[in-house]
Amino acid sequence: MAYTNLITRNEEVFVRAKGNPFLYTDLQGLRQYSIGALDGSALHERLEGDGFETTASISFEHVFLKLGAKQIEVMLIGRAVMKHMLATIPKLASL
């Protein structure tokens, strides 16, 4: 098996809606929040397996909309994906 040189990094981040006083200091501090994530993603499965309260959606756009509708308190998404979606989908930018 051969591996290429690193071409990019994927940083997963927890995102909250504007105005939400969401605070935490470590991963265990997230247990008090409802977390939205992409259905079938490895990180969603890990959070769920570790006993976190999660809500899965079929697309990141749906996760964003749940966040805006206050159906979840925080979402898990790659930073680059989040920035791209906020720049290209106007209805999400207001969140």
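Here is a short conversation about the predicted model shown above.

Colleague: Happy to look at this with you; what should I keep in mind about numbering and about which features count in this predicted model?

Modeller: Residues are numbered from 1 along each chain as its sequence is written, and side-chain values use heavy atoms, with hydrogens and water left out. Since the model is predicted, local features need pLDDT of at least 70, side-chain atom pairs count only at pLDDT 80 or more, and totals for chains, interfaces and linings use all residues.

Colleague: Thanks! Which pattern does the protein follow along the sequence?

Modeller: Helices (H or I, at least four residues) and strands (E, at least two) are DSSP runs, numbered from the N terminus. The protein has 4 helices and 4 strands. Read along the sequence, they give the pattern β-β-α-β-α-β-α-α.

Colleague: What is the strand order in the open sheet?

Modeller: Strands pair here if DSSP finds at least two bridges between them. The pairing in this open sheet of 4 strands is mixed, and the edge strands, each pairing on one side only, are β1 and β3. The order is β1-β4-β2-β3.

Colleague: Which handedness does the unit of β2, helix α1 and β3 have?

Modeller: β2 (residues 35–38) and β3 (residues 54–57) pair in the parallel sense over 4 bridges; Ile 35 has Thr 54 as its bridge partner, and Gly 36 stands opposite Thr 55. A crossover is called right-handed if, with the strands pointing away from the viewer, the path from the first strand over the helix to the second runs clockwise. With helix α1 (residues 42–49) between the two strands, this β-α-β unit is right-handed.

Colleague: Is His 44 buried or exposed?

Modeller: His 44 lies in helix α1. Its contacts (heavy atoms within 4.5 Å), not counting residues up to four places away in sequence, are Ala 37, Leu 38, Thr 54, Thr 55 and Ala 56. Buried means under 20% relative accessible area, exposed over 50%, and partly exposed in between, with a 1.4 Å probe and protein chains only. Because its relative accessibility is 4%, His 44 counts as buried.

Colleague: And what is the relative accessible area of Ser 57?

Modeller: Ser 57 is found in strand β3. Not counting residues up to four places away in sequence, Ser 57 touches Ala 37, Leu 38, Asp 39, His 62, Val 63 and Lys 66. Ser 57 is buried, because its relative accessible area is 5%.

Colleague: Now the interior: which element gives the most to the largest nonpolar core?

Modeller: A nonpolar core is a set of buried Ala, Val, Leu, Ile, Met, Phe, Trp, Tyr and Cys residues joined through side-chain atoms within 4.5 Å. The largest has 13 residues, and Val 15, Phe 64, Leu 67, Met 75, Ile 77 and Met 85 touch the most other members. At least two residues each come from β1 (12–15), α2 (60–68), β4 (74–78) and α3 (79–88). With 4 residues, the element that gives the most is α2.

Colleague: Which residues does Phe 64 touch?

Modeller: Phe 64 is one of the core residues that touch the most other members. Leaving out residues up to four places away in sequence, Phe 64 touches Met 75, Ile 77, Met 82, Met 85, Leu 86, Leu 92 and Leu 95.

Colleague: Last one: what share of the residues is buried?

Modeller: The C-alpha trace spans about 45 × 35 × 25 Å along its principal axes. The protein has 95 residues, and the buried share is 31%.
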